[in-house]
Amino acid sequence: MKIVRIEAYQVDLPYSGGTYRLSGGRTYQSFDATFVRVVTDCGLDGWGESTPFGNNYIAAHARGVRAGLEDLVPALLGADPRLCDRINDQMDFALLGHHHTKAPLDIACWDIFGKSTGLPVCDLLGGRIAGPVPVISSIGSDTPEAMRASVARHRALGFMGHSIKVGATEAEGGPMIDAERIRACLADRQAGEWFLADANNGMSPEQALRLLALLPDGLDFVLEAPCPSWRETLSLRQRCSVPLLLDELIQTEEDLVHAIQTDACDGVGLKITKQGGLTRTRRQREIARAGGLVTSVQDTTGSEIAFAAILHMAQSTPRHMLRHALDPRAMVTCSTATFEAPLVNGGAEAPNLPGLGITPDLEVMGDPVAVWQ
Ligand SMILES: [Mg+2]
């Protein structure tokens, strides 16, 4: 089997809540998504998505995805898409880094691999673990009461995990408002619920320590991605008693090994495009497992095709190490594909269909922005 044609598509995905507020005063109204379709000489095709979370979230930007494809595609035309590690070797030889550009090509190859075997991608990633995967809510920064109400709305829908965005600038209220946000969101905590306070690398150790000092003892939550650098994170790690989960700092296998070696964290957020696609996320999942880290399977954001990749990875991740998956469909107003994985009681299960199990909506995709063959 050979790749004979690759197409790229661009779609804007408006944020469903108007304005998404993140630490450091960052705001987002819409996300620029790139989709790739990989076509083979036997007629099978596969799809992948890469939707960065704006230009200032991590070093990944939407126009860079499309520019990078120009450099990667020549390395893949003629290659066998089922040999996913070899596909990644060829992409790495053509272009160093740029995980978010490689990811949609890698995901599309797994979609083809699944279709060619008749198996869902989760089975190829190690095997389905039956039952719905718990999905986490995403509670954007707001007033403490608005965030508490948002947690309550998600609780009513069956969500058991809640990701609360913190990391206010000093002008927005700093550690004081963040402490109020955490207290408000945990005020109605139910048995079995799990809370993350996610600063998305937006705090200094000084701010994080002030925040923790303002909280009462006994609050059950994990602090996620407090600081932007390894030095700051390790400094905070030595001086705080709450569990830490790292996300944006861990993008490569080497990052994860470094985190384990330095005992920097207790968990890791694996985002499919941030880690470089399903092949690399699978490698990192196994390293995290060996290191005893709990794992959250997510993506920067996206639509149905991004969620399909997330869900197949999460569906094949041992439950004792899987905290949750993120369902980015709730974050955007635009639907790009049919994907039969409804959210029921805060959980979703990957469909038992070959490949990713998605049917892209070609009207929403529009005309390709680039075609290579
Ligand atoms: Mg995070």
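Glu224 is buried in this predicted model, with a relative accessible area of 1%. Asp198 is buried as well, its relative accessible area being 2%. Both residues belong to the metal site: the magnesium ion has as its protein donors Asp198 (OD), Glu224 (OE) and Asp247 (OD). These donors lie 2.1 to 2.4 Å from the ion. Along the chain, the donors of the magnesium ion follow the spacing D-x25-E-x22-D. Asp198 is part of strand 8 (residues 194–198) and Glu224 is part of strand 9 (residues 222–224), so this pair ties together parts of the chain that are 26 residues apart in sequence.

The next step is the division of the chain. Domain 1 is made of two segments, 3–118 + 362–372, and domain 2 covers 123–359. The C-alpha centres of domain 1 and domain 2 are 22 Å apart. Where the two domains meet, 43 residues of domain 1 are in contact with 49 residues of domain 2.

Empty space in the structure comes next. Rolling a probe the size of a water molecule over the atoms shows where such space is left. The largest pocket has a volume of about 440 Å³. Its lining consists of 26 residues, and those nearest the centre of the pocket are Tyr15, Ser138, Gly140, Ser150 and His154. Strand 2 (20–22), strand 6 (133–139) and helix 5 (144–156) are the elements that each give two or more residues to this lining. By class, the lining of the largest pocket divides into 13 nonpolar, nine polar and four charged residues. Domain 1 and domain 2 each supply at least three residues to the lining of this pocket.

Besides the pocket, the structure holds two cavities of 30 Å³ or more. The largest cavity contains about 170 Å³ of space. It is lined by 20 residues, with Ser138, Lys165, Lys271, Gln298 and Leu326 nearest its centre. Two or more residues of this lining come from each of strand 2, strand 6, strand 7 (161–165), strand 8 and strand 13 (322–326). Strand 8 is also the strand in which the magnesium donor Asp198 lies. Ser138 is listed among the residues nearest the centre of the largest pocket and among those nearest the centre of the largest cavity. The lining of the largest cavity has eight nonpolar, six polar and six charged residues. Here too, domain 1 and domain 2 each contribute at least three residues.

The second largest cavity holds about 30 Å³ of space. Its lining is made up of Pro52, Phe53, Ile58, Ala60, His100, Thr273, Lys274 and Thr300. Of these residues, four are nonpolar, three are polar and one is charged. The lining of the second largest cavity again takes at least three residues from each of the two domains.

One further residue completes the tour. Gln207 lies in helix 7 (residues 205–214). Gln207 counts as buried because its relative accessible area, 13%, is under 20%. Apart from its neighbours within four places in sequence, Gln207 is in contact with Ala168, Glu170, Pro175 and Gly202. Gln207 and Thr40 are 167 residues apart along the chain, and their C-alpha atoms are separated by 52 Å.

Key. Residues are numbered from 1 along each chain as its sequence is written. This is a predicted model: local features need pLDDT of at least 70, side-chain atom pairs count only at pLDDT 80 or more; totals for chains, interfaces and linings use all residues. Side-chain values use heavy atoms; hydrogens and water are left out. Donors are N, O and S atoms within 2.8 Å of the metal (3.2 Å for Na, K and Ca); water is not among the atoms, so sites may look incomplete. Helices (H or I, at least four residues) and strands (E, at least two) are DSSP runs, numbered from the N terminus. Buried means under 20% relative accessible area, exposed over 50%, partly exposed in between (1.4 Å probe, protein chains only). On a 1 Å grid over the protein atoms alone, a cavity is a set of points where a 1.4 Å probe fits but cannot get out, and a pocket is an open set with protein on both sides within 12 Å along at least five of seven lines; lining residues have an atom within 4 Å of a point. Grid points are joined across faces, edges and corners, and a volume is the space filled by probe spheres set on the points. Ala, Val, Leu, Ile, Met, Phe, Trp, Tyr, Cys and Pro count as nonpolar, Asp, Glu, Lys and Arg as charged, and the others, Gly among them, as polar. Domain bounds come from an automatic or database domain assignment. Contact means heavy atoms within 4.5 Å.
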